[in-house]
Every structure is written in structure tokens, then in C-alpha cells.
Amino acid sequence: MRKAFQAAAGLGHPRARPALAGALPRRNPASACGTSTDSLVSRFCPEKTRFKDHAVPNASWGPDMLRLHRELVEKRRSGWVKVPSFRSNREHIRGLRLPPGLAAPPDASDCRLFTRCIEEEGQGFEYVIFFHPAEKKAICLFQPGPYLEGPPGFAHGGSLAAMMDETFSKIAYLAGEGLLTLSFNIRFKKPIPVGSLAVLNVVVEKIEDQKVYVSCIAQSRDQQTVYAKSSAVFLQRQLEEESSP
């Protein structure tokens with residue numbers, strides 16, 4: 001699918017704060033990620049689950065989003081994987097041992113992922129993410145609804161930043177167990193019209209020193225308009241072994 005798969009060239013890699021890097025034990029350089037990408041994808045993107053997947057077409061999806069979704073579904077034979085989107089990361093990432101002082105409260109019945117906090121179809125974040133494990137790149141189709149408005153008729157810049165960060169977090173984990181955001185930088189170019197499609201092209205630039213470096217270009221369906229460019233660094237953090245549900 002053409003230039004939409006190209007790497008986000010020219011974006012810098014911000015340095016992570018050294019104090020956080022010490023939160024993890026050193027790993028054997030021969031096994032930089034600890035767990036294979038295939039194992040992470042299998043764990044994170046199960047074919048069968050009791051949780052509801054919100055990243056499925058609904059009546060609010062526009063023609064461009066539906067068309068690109070179909071194209072990406074057809075590309076699953078060439079290595080692309082659809083990433084499910086549940087109501088909460090607790091339903092995605094089980095077994096995470098948080099650093100001291102960051103323990104999650106036991107009663108989390110009302111907690112949900114920020115990008116899934118608006119239940120009405122088409123009113124908030126409509127999106128779906130596809131990941132290519134071998135090439136460590138991803139595409140997110142993002143259609144902002146009217147509840148995300150900033151300037152009249154256009155999506156709030158913060159909604160695009162949130163969507164980029166959410167895509168980064170999923171791909172950083174799948175590519176190399178990157179779980180905690182160390183830094184995030186964004187440069188806005190043009191506002192996204194509410195209800196239109198933005199294509200987020202994400203690339204894992206490198207994985208080193210227990211950090212995953214990622215970059216993104218958000219652009220229009222026809223690639224004629226660039227909405228924003230961003231980059232981020234994630235800290236690798238291994239999960240405990242997950243017990244069977």
C-alpha cells in the first residue's frame with residue numbers, strides 16, 4: 001500500500017531519562033527483547049477471547065476507512081496482523097509488575113482505556129491498528145468524531161497525540177516489550193477535519209539499551225496532506241508468566 005508503509009524519515013530520537021532506565025534489571029544482550037515478537041503477538045492478539053473487540057467496522061466508519069480496512073485485512077496473508085482493541089489495557093496486558101509506588105488499585109470496575117472512553121459509535125475515537133511483526137511497522141486508521149473537536153470542524157490536537165501514543169504503546173510492546181512511555185514528541189502540520197480519515201504510519205526505528213524507539217507520520221488517505229509527525233521512546237519491561245484464564 002504504497003508510501004503509507006514508508007518509514008517516518010528525519011525524526012529525531014529523544015533521550016530517555018536515565019533515572020527510569022535503572023528500573024529494570026540488565027538483560028543478556030544476546031536476547032535483547034526477552035520474548036520473541038511472535039510470542040508477544042500470539043499473547044496480545046488472540047484469535048479467541050472473552051473480551052469485546054472495539055476495533056471492528058460499524059455504521060459510523062466512512063468509505064475511506066472501510067476501504068483501507070478491507071485492504072489491510074486482505075494483507076494478513078502477507079504478514080499483517082490486526083491488533084484487537086479492548087475496553088481496558090488490563091484486558092490486554094496481564095502480568096505486568098509495576099514499579100513500587102505505581103500499584104494499580106484493586107477496584108478497577110470503572111476504569112477504561114482513554115481512547116475507548118466514549119461508547120457512542122462515531123462520536124469519539126474510531127480506530128483500528130494493523131501490525132507487521134517481521135518489518136516492525138504498523139498502520140492505524142483513525143477517524144475522529146465530533147466529541148473530539150478542537151477548532152470548529154476540526155479534531156483537537158490532543159486527540160491525535162493520544163491516538164499516536166496509543167498506537168505507539170501497542171506496537172512498542174509487540175515489537176520489543178516496550179511498555180512505559182519515557183518521552184513523546186509531536187509536530188503538528190495541519191488539523192484533521194472531524195469525521196475524516198487519518199492514516200498513521202508507525203515504524204520501530206531501533207531497540208537498544210532497554211528502550212524501543214518509534215516514529216509516526218499521520219497523513220490523509222491520498223497522502224497529499226501531512227497532519228503531524230511524532231516520535232517516542234518506550235522502556236522495555238518484561239511481564240510475569242500469564243496464567244491460563
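**Cavity, sheet and one buried threonine**

Reader: Which residues line the largest cavity?

Author: Ala55, Val83, Pro84, Ser85, Tyr127, Ile129, Glu166 and Lys170 line the largest cavity. A cavity here is a set of points on a 1 Å grid over the protein atoms alone where a 1.4 Å probe fits but can't get out, and lining residues have an atom within 4 Å of a point. Keep in mind that this is a predicted model: local features need pLDDT of at least 70 and side-chain atom pairs pLDDT 80 or more, while totals for chains, interfaces and linings use all residues. Residues are numbered from 1 along each chain as its sequence is written, and side-chain values use heavy atoms, with hydrogens and water left out.

Reader: Which elements give two or more residues to that lining?

Author: Strand β2 (125-132) and helix α4 (157-176) do.

Reader: And how much space lies in the largest cavity?

Author: About 40 Å³. The structure holds one cavity of 30 Å³ or more.

Reader: OK, on to the sheet. What's the strand order?

Author: Seven strands run β1-β2-β3-β5-β6-β7-β4 in an open sheet, with antiparallel pairing. Pairing takes at least two DSSP bridges between two strands. Strands are DSSP E runs of at least two residues, helices H or I runs of at least four.

Reader: Why do β1 and β4 each have one side without a neighbour?

Author: β1 (81-83) and β4 (178-188) are at the edges and each has a single partner strand, so one side of each stays free in the sheet.

Reader: By how many degrees are neighbouring strands turned against each other?

Author: On average 25°, direction ignored.

Reader: What packs on the sheet?

Author: Helix α3 (residues 63-74) does, touching β2, β3 (137-144) and β5 (198-208). The direction of α3 makes about 25° with that of β2.

Reader: Back to the strands: over how many bridges do β6 and β7 pair?

Author: β6 (residues 211-219) and β7 (residues 226-236) pair over nine bridges, in the antiparallel sense. Within that pairing, Gln219 has Val226 of β7 as its bridge partner.

Reader: Different topic: Thr37. Buried or exposed?

Author: Thr37 is buried (under 20% relative accessible area, 1.4 Å probe), with a value of 13%. Thr37 belongs to helix α2 (residues 37-44).

Reader: Which residues does Thr37 touch, leaving out those up to four places away in sequence?

Author: Phe131, Pro133, Lys136, Leu174 and Ala175, where contact means heavy atoms within 4.5 Å. As for Pro133, 96 residues separate it from Thr37 in sequence, yet their C-alpha atoms are 6.5 Å apart.

Terms used:
On a 1 Å grid over the protein atoms alone, a cavity is a set of points where a 1.4 Å probe fits but cannot get out, and a pocket is an open set with protein on both sides within 12 Å along at least five of seven lines; lining residues have an atom within 4 Å of a point. Grid points are joined across faces, edges and corners, and a volume is the space filled by probe spheres set on the points. Axes are lines fitted to C-alpha atoms, for helices over the stretch in contact, and angles run from 0 to 180 degrees between N-to-C directions. Buried means under 20% relative accessible area, exposed over 50%, partly exposed in between (1.4 Å probe, protein chains only).
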